[in-house]
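Trainee: I should like to request a close look at a single part of this structure, with the surroundings described as far as they help. Please give one connected account.

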Amino acid sequence: MPQNEKMHSAGLVDGLEGKSIVLVGMMGCGKTAIGRIVASQLGLQFYDADEEIEVAAGMKVAEYFSTYGEEEFRIGERKVIARLLNDNQCVLALGGGAFLSQETRKCVSQNALSVWLRADLDILFSRVMRRPGKRPLLNTADPKKTLAELLKNRESFYGKADIIVDTSNTSKNVTRDWVIAAISKYLGAEKN
């Protein structure tokens, strides 16, 4: 990484004043992929909430859903997110439904800067269908219709994020740069 990028990244992390960065949005918007490279760029630890839930529960998310149901999953999810945000400064990718919880939004607001990675339905659907078995909420007769309904129901919650970054079919590195630029702009505006 060039020296000026290192200095910019260090300044951005300092500007967060110990807060984490939390990526929110629909399944398929790129939270995990973008989160990993944003964390790498900024020298922060990266966590995927769903992966951490799987470790804590000792089972895959889809298995947890089918065994215990969505309500129990959401309870465990809130606990894992709170632990991760209280432990250390990091970049955290939330599961698609996590930000709907008022308790989770409050925890994120207190401990992190939230970024909604917004994408349109066609992009989301093309991405999630690459790994359909990993998306328990889409195990329906018409997964695209289900995804559209989820998107419609969740957009107002995602809109409560501190920052919104529109994603598209650009490269991961371009999206990473957009996220970092948006955070930098937000932090600069917050100081004024």
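Mentor: Let us begin with Asp166, which counts as partly exposed because its relative accessibility is 43%. The model is a predicted one, and the values below are computed from it.

Asp166 lies in strand β5, which spans residues 163-166. Side chains alternate along this strand: Ile163 and Val165 point to one face and are buried, whereas Ile164 and Asp166 point to the other face and are not. This follows a general pattern, because in a regular strand the side chains alternate between the two faces of the sheet.

The partner of Asp166 is Arg118, and their side chains meet in a salt bridge with an N to O distance of 2.6 Å. Since Arg118 belongs to strand β4 and Asp166 to strand β5, the pair ties together parts that are 48 residues apart in sequence. Arg118 counts as partly exposed, at 30% relative accessibility.

The two strands are also joined by their backbone pairing. Strand β4 covers residues 112-118 and runs parallel to β5, with 4 bridges joining them. Within this pairing, Leu117 of the neighbouring strand stands opposite Val165 in β5.

Other salt bridges give this pair its context. A search of the whole structure finds 8 salt bridges. One of them links Arg78 with Glu103, the closest N and O atoms being 3.5 Å apart. Here Arg78 lies in helix α5 (residues 70-87) and Glu103 in helix α6 (residues 102-111), so this pair ties together parts that are 25 residues apart in sequence. Arg78 is partly exposed, with a relative accessible area of 23%, while Glu103 counts as exposed at 55% relative accessibility.

Another salt bridge is formed by the side chains of Asp177 and Arg176, at 3.0 Å from N to O. Asp177 counts as partly exposed at 40% relative accessibility, but Arg176 is buried, with a relative accessible area of 15%. In addition, Glu70, Arg74 and Glu77 are joined into one network by salt bridges that share partners.

The nonpolar interior may be considered next. The largest nonpolar core has 60 residues, and those with the most contacts inside it are Leu92, Leu94, Val115 and Ile183. Leaving aside neighbours within four places in sequence, the residues in contact with Leu92 include Ile21, Val22, Leu23, Tyr47 and Asp48. Ala49, Ile81, Leu84 and Leu85 are also among the contacts of Leu92.

A further buried leucine can be described in similar terms. Leu150 has its place in helix α8 (residues 143-158) and is buried, with a relative accessible area of 16%. Apart from neighbours within four places in sequence, Leu150 is in contact with Met26, Met27, Leu137 and Leu138. Leu150 and Leu16 are 134 residues apart in sequence and 31 Å apart in space, C-alpha to C-alpha.

Finally, the cysteines deserve a word. The count comes to 0 disulfides. Cys29 is in no disulfide, and the nearest cysteine sulfur, that of Cys90, is 17 Å away. Cys29 is buried, with a relative accessible area of 2%. For Cys107, the closest cysteine sulfur is in Cys90 at 10 Å, too far for a bond. Cys107 is likewise buried, with a relative accessible area of 13%.

To return to the starting point, Asp166 counts as partly exposed and meets Arg118 in a salt bridge.

Note on methods
Residues numbered from 1 in each chain as written. Predicted model: local features only at pLDDT ≥ 70, side-chain atom pairs only at ≥ 80, totals over all residues. Heavy atoms only, no water. Disulfide = S-S within 2.5 Å. Buried < 20%, exposed > 50% of the residue type's maximum accessible area, 1.4 Å probe, protein only. Core = buried A, V, L, I, M, F, W, Y, C linked by side-chain atoms within 4.5 Å. Contact = heavy atoms within 4.5 Å. Helix = DSSP H or I, 4+ residues; strand = E, 2+ residues; numbered from the N terminus. Pairing = 2+ DSSP bridges. Salt bridge = Lys/Arg side-chain N within 4 Å of Asp/Glu carboxyl O.
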